[in-house]
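Trainee: Got a minute to walk through this one with me? I'd like to start with how the helices pack.
Mentor: Sure, pull it up.

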Amino acid sequence: MAQVDLENIYKSFQKGTGQDSKSLVLSAELTQASSLKSQSSAAVLRSINLTVQDGEFMVLVGPSGCGKSTLLRLIAGLEELTAGTIRVGDRVVNDLPPKERDIAMVFQNYALYPHMTVYDNLAFGLRRTTFANREESETSLPSWGQNLLVGATRKLPKTLRYQSDRERSVDQRVRTVAQMLQIDLLLERLPKQLSGGQKQRVALGRAMARNPQVFLMDEPLSNLDAKLRAETRAQIVKLQRQLKTTTIYVTHDQTEAMTMGDRIAVMNAGQIQQLATPLELYHYPANRFVAEFIGSPPMNFLPVQVKSPLGLSHPQFRLTLPDEWASTLHSYDGDTVLLGIRPEHLRISDAAPGHLPVQVELVEALGNETFLAVSLAGEMLQARVEPDRPMRLGEELWLAIAPEKIHLFNFETGLVIRPQ
Ligand SMILES: Nc1ncnc2c1ncn2[C@@H]1O[C@H](COP(=O)(O)OP(=O)(O)OP(=O)(O)O)[C@@H](O)[C@H]1O
Ligand SMILES: [Mg+2]
């Protein structure tokens with residue numbers, strides 16, 4: 001088990017070739033931050049700083065193309081860094097080949113060896129690593145003697161074959177892991193005889209069997225249907241808690257991120273936007289991007305004008321904020337800011353100047369809840385409302401905003417504005 005430290009990571013790919021650029025690697029090492037900046041337009045990852053604690057379940061979440069897989073591949077050693085330092089425990093692993101990093105990775109498209117049984121898929125990594133040697137017993141035959149016996153009994157039925165100590169400890173490990181993942185009845189099957197979910201568990205099992213210091217998982221659930229995904233999600237979390245192996249898990253699905261991570265790093269365009277626990281991200285997003293990405297349906301945004309001491313004014317409504325906002329709003333008096341309000345914090349209400357006059361454009365009644373898309377003089381908003389009230393398309397409604405639930409963001413930069 002180990003902590004993983006990422007220090008000021010940069011990654012660029014050479015244009016056109018898809019290869020690492022040696023010259024970039026060199027120049028990044030030799031030049032100052034200013035010239036690094038000038039290259040960063042092509043950079044896929046920029047200035048990534050992240051410490052994953054020993055035993056922590058860290059989720060990297062962000063939209064497609066933001067650099068999640070690239071970051072995992074850098075940690076695994078499958079890509080070369082442009083600049084920065086990666087530590088696993090107290091070892092700098094920058095220049096170590098993948099197999100010396102003691103890291104196991106489960107890929108986005110989990111690749112099982114198609115011609116090998118589940119058993120051999122699980123055992124494969126173990127046989128290649130030194131794991132089995134570590135556990136070799138001291139009372140056994142020397143290895144040349146064992147090899148001789150293995151050779152001499154190879155043609156016999158399986159139960160009569162001689163098993164070397166190494167093979168026996170591989171066997172033990174494979175069976176323990178298979179049991180944990182409930183694939184112990186599938187060990188003799190080939191991958192093509194498995195369902196998607198079973199294959200997925202074999203891929204996980206193969207990573208687990210090696211008992212690495214760090215697990216890296218790249219969207220391991222993306223090929224599963226919704227029900228199986230929820231089940232396997234819970235299973236992975238449970239296993240990780242049991243094994244306490246430091247885990248970095250990549251997904252673009254915010255529900256997965258929220259339900260699995262001890263902490264979440266939200267990424268966009270090659271940078272970490274915010275690093276926090278799931279509920280901190282929900283309640284205190286650092287900027288508009290995080291506010292919109294975390295939460296489903298996403299937060300609504302409306303430009304409003306600040307009217308000190310506590311007013312926000314929009315052509316269609318006025319809002320008075322709680323007292324805690326006074327000194328913050330004072331310094332923004334007259335400015336336009338972005339008001340953020342989540343769909344679950346809008347409520348159907350009566351006509352009042354503080355409320356929003358809207359027209360229903362779309363109704364999604366799910367039974368346990370109803371989502372509305374409404375227009376506020378042309379601006380579209382989403383609301384989550386009680387399921388029991390019948391709704392008609394085109395109906396005119398008043399929505400109330402809970403003032404203690406609002407978020408404000410700088411109109412230009414998107415950075416959060418908080419009460420002081
Ligand atoms: N070998 C490569 N050569 C050039 N560009 C690459 C290479 N690998 C990735 N990229 C680019 O780097 C960016 C990040 O890719 P990456 O695969 O890390 O995204 P991701 O966040 O994992 O996305 P997804 O959610 O779609 O898997 C993308 O713009 C991609 O086109
Ligand atoms: Mg990816």
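Mentor: Let's begin with helix α8, residues 196–209, and helix α9, residues 226–243: their axes come within 11 Å and cross at roughly 15 degrees. Keep in mind that this is a predicted model.
Trainee: Okay, is α8 roughly parallel or oblique to α9?
Mentor: Roughly parallel, because of that crossing angle. Angles under 35 degrees go in that class.
Trainee: And what's the handedness where α8 passes α9?
Mentor: The crossing of α8 over α9 is right-handed.
Trainee: Which residues in α8 and α9 meet?
Mentor: On the α8 side you have G197, Q200, L204 and M208, and they meet L228, T232, I236 and L243 of α9. Sorted by class, the α8 and α9 contact has five nonpolar residues, three polar ones and no charged ones.
Trainee: Does α8 pack on anything else? I mean, how do the axes of α4 and α8 cross?
Mentor: The α4 and α8 axes come within 8 Å, with a crossing of roughly 30 degrees. That angle makes α4 roughly parallel to α8.
Trainee: Which residues make that contact?
Mentor: From α4 there are V118, N121, L122, F124, G125 and L126, and from α8 there are V202, G205, R206 and A209. The class split for α4 with α8 is six nonpolar, three polar and one charged. The way α4 passes α8 is again a right-handed crossing.
Trainee: Let me stay on α4. How do the axes of α4 and α7 cross?
Mentor: Helix α4 covers residues 118–128 and helix α7 covers 165–180; their axes come within 10 Å and cross at roughly 125 degrees. So α4 is oblique to α7.
Trainee: And the handedness of that crossing of α4 and α7? What is it?
Mentor: Right-handed, as α4 passes α7.
Trainee: Which side chains should I click on for α4 and α7?
Mentor: Pick Y119, L122, A123, L126 and R127 in α4, then V170, R173, V174, V177 and A178 in α7. The contact of α4 with α7 has eight nonpolar residues, no polar ones and two charged ones.
Trainee: Good. Zooming out, how is the protein divided into domains?
Mentor: Domain 1 runs over 118–211 and domain 2 over 297–417. The C-alpha centres of domain 1 and domain 2 are 59 Å apart.
Trainee: Switching topic to the ligand. Which residues come nearest to ligand 1?
Mentor: There are twelve residues around ligand 1, and F13, S64, K68, S69 and T70 come nearest.
Trainee: Which helix gives the most to the shell around ligand 1?
Mentor: That's helix α3, residues 68–76, which supplies three residues.
Trainee: How does the shell around ligand 1 divide into nonpolar, polar and charged?
Mentor: Three nonpolar, eight polar and one charged around ligand 1.
Trainee: Last topic, backbone oddities. Where are the cis peptide bonds you had flagged?
Mentor: One joins S296 and P297, with omega about -5 degrees. P297 is in the loop between α12 (288–293) and β11 (300–307).
Trainee: What about the bond from S308 to P309?
Mentor: The S308 to P309 peptide bond is cis, with omega near 10 degrees. P309 sits in the loop between β11 and β12, the latter at 311–314.
Trainee: What's the deal with phi at N8?
Mentor: N8 isn't a glycine, yet its phi is positive, about 50 degrees.
Trainee: Which strand is N8 in?
Mentor: Strand β1, residues 4–12.

How values were computed: Residues numbered from 1 in each chain as written. Chains lettered and ligands numbered in written order. Predicted model: local features only at pLDDT ≥ 70, side-chain atom pairs only at ≥ 80, totals over all residues. Domains from an automatic or database assignment. Near = placed C-beta within 6 Å. Helix = DSSP H or I, 4+ residues; strand = E, 2+ residues; numbered from the N terminus. Nonpolar A, V, L, I, M, F, W, Y, C, P; charged D, E, K, R; others polar. Axes fitted to C-alpha atoms, helices over the stretch in contact; angles between N-to-C directions. Parallel < 35°, antiparallel > 145°, perpendicular 65-115°, else oblique. Left-handed = near helix turned anticlockwise from the far one by under 90°. Contact = placed C-beta atoms within 7 Å.
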